[in-house]
Amino acid sequence: MIATAAPRRRRSLAAVLRRYGWSYLFVFPTFSLFVVFTLLPVVQGLVLSLQNARVTGGEFIGLANFEALAADPVFIQAVGNTVLYATVVVAAQITLALVVASLIQPLGPRAHVFYRALFYLPLVNSAILVAMVWRWIFNANPYGLANTALSTVGLGPYLWIGSSDQALIAVILSAVLTIPGGGVVLYSAAMGSLPRELYEAADLDGASPFSKWRHITVPLLRPTTLYLLVIYTILAFQLFERVYIMTNGGGPNNATITIVQLIYSTAFQFGRYGLASAMAVVLFGMALVVAVVQFRSLRSDVEY
Amino acid sequence: MTRDVLINRRRFLQSLAAVGVAVACGPTATASPSASTTASGSPAPKAVSIEWWRRNYATGTQSAETITSDAAVKAYKDRAPNVSIAIQGGPFGAETDQKFDIAILQQHAGPDVFHTTGGDVLKYAAAGQLSQPTLTDAERNDFNPSALKATTYKGTVVAYPLWIVPWFEYINLDLFKEAGVTPPAYGNWTYDEFLAAAKKLTFKRADGKQIYGFAHANDEFAFMLIDGGRPYDSAIKTWTFNSADAVTGLEKWVALAQQKVMPPDFLTLNPNDSQARFIAGEVAILQRPSAMINVLNADAKWKFGTNWDIANFPKAKGDQTAWGGVGFIAVREQQDADKKAAAHAFAKYLTGPDIGPDLKKQTPPVEYWLAPAGRKSAAGIYGEYHPAKAKVATMGAFTYVLPNVSTWSEIDQKYLRPARDAALEGKKTPKQALDEVATQAQKLLDEANK
């Protein structure tokens, strides 16, 4: 039985290759670009993380870079800031995207197009420009927009990015207060494809609009929520330009330093490529763990 | 054999005709650098091509580096016609730094002559990639001693000091007049006089506009030097920026924050923002390097001696209380002796006293970037461009130049600045903040000394 099965498998593989082999030619260019520009750098990063690499080269030092990171208070602060930022911002952005998409859902097709474009359009702006605007909004002087606005109700002025206590809050607020256009568009598109029968049945049962949203819309949107959660978490972990522009890199007393900001300065300002690669590996591990947890906890077999 | 060397009249005339044709068809009447002999009979200099790598140079643009570099090459061509110089540029920043590192440290190739700053000079010297300058005693004495010291690696000068950028206090004379404060006589004041002036100069106008007495950018630590505190001992082996003098210096700085004489965002005020505040008339005293002279000079509303002046750092217990950066011209070590010699001659010219007058003769005249305080013999010519430069040319010796330590940027950015911020915010005492930095700083210093 075994002896006969093997040749049959070989034959079938050969047959598959004969029939579909040419299609690999079309995949090859993209695959080779992926290998050269994505896979190899990742592997090289892993190798560098085990070396004391500088621009002149490096030697294998095992896990010494990771031990140094574990004892480095600045790196620990960067991890804490990154996790705090990601937790608050991702939760806020997903909630905001869901709420905004839900609010525009009952409107007509023209209004849909208009609002989707309206919320998505700001995404084409340069992240640097956006960060510069937020820097001005949260300026510590009384003429900063946030302080000016708050002064009308008798509050402030606050130091915002000028204070180690408030700088990270200002950075988080700048992200939270930006409506996530991509999330709104995805949720809006997903809501448009939800089966109407479920809502009709709920109407017959006398369900309130909120009840329908809570028990039908939100659960059916789980695949979209999972996608957004993973993507937004990875993006939040990669926070760089907002901190770099708003708080000149790490803010007062390293209050806003993030992992990617520290990777940048460690590699390109301090010339420690090995240590920076170790930080990148830690970041990769964090993103992987969080993604796996999110997949496991939100995985669903929703079909409609 | 005898027949071969004999020159008859016919052959002589043929040779003469050939030379005549060659001269007539030549591009200019100037002797070609490749000619084997000169009119005087001595061997003509051999034609050499060298590459000069210059940060922020971009062909055809109007950046100061492009204008001055092109002018320098043009001027040098008149002095050494046999040397061709190609300039290669790159923006300031990590990308260009990496390009330098890869070429010089990994490929042992690239520039024949190049600019370098701070810790880079040590890095390249440690890798054996710098060709040592041959300076005469007169030249050594002519250079600013602080700058020369910063160019020294293991007892040997490894590059040519180019500029030294002292920090000064820029004062808005209109605001001084408005607040009834007398500017410091001859630009000199004590810390107490400075603090008293900054307090008086911090006021709110009737229209609600807030004026601040003093501002600096967030990349400084100058006040920690004011009582004589220094980052390292004289051997650059021990971290000493938590000494009693450094602590009292930081306390004087903290006093400025406590007195609220600085804008509230002073911890995140980048250099451009701080300059903008001064130019907008919101700050009475601004602490910036000598390059700020050019910024004010380019603005028609600012007239030196009328509405702005320049003063020294306030003086306390220390001798050199200002601080500054240095830049160097280095020659890369290589096998090609001709290129190396040409690169050294050009580097010497770039950092010497002749280039200033040469560039001034050009149409339009070009001001070179060698700082007035760079070397004694150059002070006069650079001072001629602007009265403020003439004034600061005599103030350079007041400057402490940070010795080159390859890990300095890591010590500074990762540990020292956050500690300074914590003290200025009142979260830690100056002693506590500086003591906490000491261990990590010493570790990085030891690493640099390996």
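Asn254(A) counts as buried, with a relative accessibility of just 8%. In this predicted model, the residue sits in the loop that joins helix H13 (241-246) to helix H14 (259-269) of chain A. Beyond its neighbours within four places in sequence, Asn254(A) is in contact with residues of both chains: Val74(A), Gln77(A) and Asn81(A) on one side, and Gln413(B), Lys414(B) and Pro418(B) on the other. Since the threshold for buried is under 20%, the 8% of Asn254(A) falls within that class.

That loop residue is a handy way into the interface of the two chains. The size of an interface is often given as the accessible area lost when the parts come together. Here the area buried between chain B and chain A comes to about 2,400 Å², with carbon and sulfur atoms giving 46% of it. On the chain B side, the residues that lose the most area to chain A are Pro264(B), Thr268(B) and Lys414(B), which together make up 24% of what that side buries. Lys414(B) is also one of the contacts of Asn254(A). Counted by residues, the contact draws 31 from chain B and 29 from chain A.

Polar and charged pairs turn up across this interface as well. The rule finds 14 residue pairs in polar contact between chain B and chain A, both partners being at pLDDT 80 or more. Four helices of chain B give two or more residues to the side that touches chain A, namely H4 (94-106), H11 (271-279), H17 (408-424) and H18 (430-449). Of these, H17(B) gives the most, with eight residues. Sorted by class, that side of chain B has eleven nonpolar, nine polar and eleven charged residues.

As for salt bridges, six are found across the interface of chain B and chain A, and a search of the whole structure gives 25 over all chains. One that spans the two chains joins the side chains of Arg272(A) and Glu447(B), with N to O at 2.8 Å. Both residues belong to a network of salt bridges that also takes in Arg54(A), Asp72(A), Glu410(B) and Lys414(B). Lys414(B) thus comes up in this network, in the contacts of Asn254(A) and in the list of residues that lose the most area to chain A.

Other salt bridges lie within chain B. Asp354(B) and Arg79(B) meet through their side chains at 3.9 Å, N to O. This pair links distant parts of the chain, 275 residues apart: Asp354(B) is in the loop between helix H13 (337-350) and helix H14 (355-360), while Arg79(B) belongs to helix H3 (residues 64-79). Asp354(B) is partly exposed at 38% relative accessibility, and Arg79(B) is partly exposed too, at 45%. Lys361(B) and Asp358(B) form another bridge, their closest N and O atoms being 3.7 Å apart. Its two ends fall in separate classes, as Lys361(B) is exposed at 64% and Asp358(B) is buried at 11%. In the bridge between Glu436(B) and Lys428(B), the closest N and O atoms are 2.7 Å apart. Glu436(B) is partly exposed, with a relative accessible area of 42%, and Lys428(B) is partly exposed at 27%.

Taken as a whole, chain B has 18 helices and twelve strands. Of its 450 residues, 52% count as buried. Among the contacts in chain B with a separation of 6 or more, 73% come from residues 24 or more positions apart. The chain exposes about 20,300 Å², and carbon and sulfur atoms supply 55% of that area.

Conventions. Residues numbered from 1 in each chain as written. Chains lettered and ligands numbered in written order. Predicted model: local features only at pLDDT ≥ 70, side-chain atom pairs only at ≥ 80, totals over all residues. Heavy atoms only, no water. Buried < 20%, exposed > 50% of the residue type's maximum accessible area, 1.4 Å probe, protein only. Contact = heavy atoms within 4.5 Å. Areas by Shrake-Rupley, 256 points an atom, 1.4 Å probe, with all protein chains shown as cover. Buried area = accessible area lost by both parts, 1.4 Å probe. Salt bridge = Lys/Arg side-chain N within 4 Å of Asp/Glu carboxyl O. Polar contact = N/O pair within 3.5 Å; in protein donor to acceptor, adjacent residues only side chain to side chain. Nonpolar A, V, L, I, M, F, W, Y, C, P; charged D, E, K, R; others polar.
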